[in-house]
Amino acid sequence: MGTMFFESKINYERHIKYWRRNLKTFLPNAYTSNDANRMTLALFTVSALDVLGDLNSALSSEERQGHIDWVYSCQLPDGGFRPWPGSNFGHLRNDENKIWDPAHIPGTFFALLTLIVLGDGLERVKRREILAWLVKMQRPEGGFGETLGESDYVHGGNDSRFGYMATAIRWILRGNLEGPCEGVPDIDVDKFVACVRQAESYDGGISEAQYHEAHAGFTCCAVNALYFLDRLPLPPSQKPDGRLRGVSNLPATLHWFASRQTATLEDDDAIDTYGDETDSSATCHDAHSFVKMGGQLSMQGQVSLEKEDPSHYELSWVGMNGRCNKIADTCYAYWVCAPLQILNHLEIVDRKPIRKWLLDKTQHAVGGFGKVTGDPPDIYHSFLGLVVLAMLGETGLQDVDVALCISSKARRHLESLPWRREILG
């Protein structure tokens, strides 16, 4: 009996219901520990509905204004945004306790994006204060942290996630112009690019720090940041311009991204059943059935392919992982495909089986996407899964700006704002 095939479809109605529930009702109790990331969850929710084309229907004008006002309530007097209202001292805030309520790089990044998606003009944003604060958030070696403490000590990690968000904030508020802007000094762009280059791994990926293992999330954030700074590699047709640029070995980086494709979609797929009676290229997902090393199948692979139909059942679904020898994970479809699109090389991955994996394996019956096959949906993976499908051209979804994770329509709104057009001439 032949294998039954069915068309992979996105369930728009269920996805809209899922995101409307997140917008209109309390989140499940499992999100309690993420309350300090409320601004992040807000952006994911409104941006997902925007990508689905449902934001205008989901929100009345009064509700939209209420959400905008809530975001602004998280803006600090000295500039920047807190990531949640829980640290707001209100009228009790003073010079002594304000250190416990600092401006926050991710909070500011997601606040600005949320305002943009909701159609705000950003007139109330303390732009100059934020740009001056960004300069202080850069460490001497070039990277960025999360918050500013006493004596301007930079707290938080020192990886490309914060560099991505810091450079995105800068791009939103002043474009990719270099040098002082409206009397406010600029960050040290060359130092940041040098910091990214130092984190490049021997295999082409980018890690959180020098000599660490390459990771798709860090690599994507680094590529996005270089894009915002206009410091990506120049195409071969263009002459060098003397500016320091990141991704120093583009072919190696592209090879590393392409290698993130995997047919190990669930834990059982990683079990080596070589020699088992079920072991064949048409029935199992074992690595030796499809992985090529140096362009040649392994001995085990050759044995498993003997007398088998050349159509590979295993490769109907292809997932993405974030590091070597890891299981496929919905979010890594974004962390891999987004930088490939920014680098203009999305063609090196096969879109059809990636789409089929997302829709057949991690799309959930109630809407949203799970982390891996069989998982319930969560806001993070549901949002990034949706962005990837939009990136791949899924019918019915809005075009997206993959670097900002918002719709192209929302980006155009930002670029149309008079104050920003004036800055950029």
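Helices (H or I, at least four residues) and strands (E, at least two) are DSSP runs, numbered from the N terminus. This is a predicted model, in which local features need pLDDT of at least 70 and side-chain atom pairs count only at pLDDT 80 or more, while totals for chains, interfaces and linings use all residues. Residues are numbered from 1 along each chain as its sequence is written, and side-chain values use heavy atoms, with hydrogens and water left out.

**The whole chain**

Show the protein chain as a cartoon: it has 16 helices and eight strands. Of its 425 residues, 52% count as buried; buried means under 20% relative accessible area, exposed over 50%, and partly exposed in between (1.4 Å probe, protein chains only). A contact means heavy atoms within 4.5 Å. Among contacts with a separation of 6 or more, 67% are between residues 24 or more positions apart. Switch to a surface, and about 20,200 Å² is exposed, with carbon and sulfur atoms supplying 52% of it. Accessible areas come from the Shrake-Rupley method with a 1.4 Å probe, and for residues only the protein chains shown count as cover.

**Stop 1: glutamate 178**

Select glutamate 178, in the loop between α7 (160–174) and α8 (189–198). Glutamate 178 is partly exposed, at a relative accessible area of 37%. Beyond its neighbours within four places in sequence, glutamate 178 is in contact with Arg170, Asp186, Val189, Leu229, Arg231 and Arg243. Draw a distance from its C-alpha atom to that of leucine 229: the two are separated by 8.5 Å, although they lie 51 residues apart along the chain.

Next add arginine 231. Its side chain meets that of glutamate 178 in a salt bridge (3.1 Å, N to O); a salt bridge is a side-chain nitrogen of Lys or Arg within 4 Å of a carboxyl oxygen of Asp or Glu. The pair links distant parts of the chain, 53 residues apart, with arginine 231 in the loop between α9 (216–228) and α10 (250–258). Is arginine 231 buried or exposed? Arginine 231 counts as buried, at 3% relative accessibility.

**Stop 2: more salt bridges**

How many salt bridges does a search of the whole structure find? The search finds 24. One of them joins aspartate 50 and lysine 409, whose closest N and O atoms are 3.5 Å apart. This pair also links distant parts of the chain: aspartate 50 is in helix α2, lysine 409 is in helix α15 (residues 408–416), and their positions lie 359 residues apart. Aspartate 50 counts as buried at 5% relative accessibility, whereas lysine 409 is partly exposed at 43%.

Move to arginine 245 and aspartate 241, whose side chains meet in a salt bridge of 2.7 Å, N to O. Arginine 245 is buried, with a relative accessible area of 11%, and aspartate 241 is partly exposed at 37%. Then select Glu178, Asp190, Asp230, Arg231 and Arg243 together, since salt bridges that share partners join these residues into one network.

**Stop 3: serine 8**

Go to serine 8, in the segment before α1 (12–24). Serine 8 is buried, with a relative accessible area of 6%. Not counting residues up to four places away in sequence, serine 8 touches Arg355, Lys356, Leu359 and Asp360.

**Stop 4: aromatic rings**

Rings of Phe, Tyr and Trp (its six-membered ring) pair if their centres lie within 6.5 Å; planes under 30 degrees apart count as stacked, over 60 as edge-to-face and the rest as tilted. By this rule there are 12 aromatic pairs. Phenylalanine 44 and tyrosine 380 form a tilted pair, 6.4 Å centre to centre with 40 degrees between the planes. Phenylalanine 44 is in helix α2 (residues 38–51) and tyrosine 380 in helix α14 (residues 379–391), 336 residues apart. Phenylalanine 44 is buried at 9% relative accessible area, and tyrosine 380 is partly exposed at 31%.

Another pair, tyrosine 334 and tryptophan 335, is edge-to-face: 5.0 Å centre to centre, 70 degrees between the planes. Tyrosine 334 is buried at 1% relative accessible area, and tryptophan 335 counts as buried at 14%. To finish this stop, select Phe44, Phe109, Phe110, Tyr164, Trp171, Tyr227, Phe228, Tyr380 and Phe383, which ring pairs link into a cluster.

**Stop 5: leucine 92**

Last, select leucine 92, in the loop between α4 (61–73) and α5 (105–117). Leucine 92 counts as exposed, at 54% relative accessibility.
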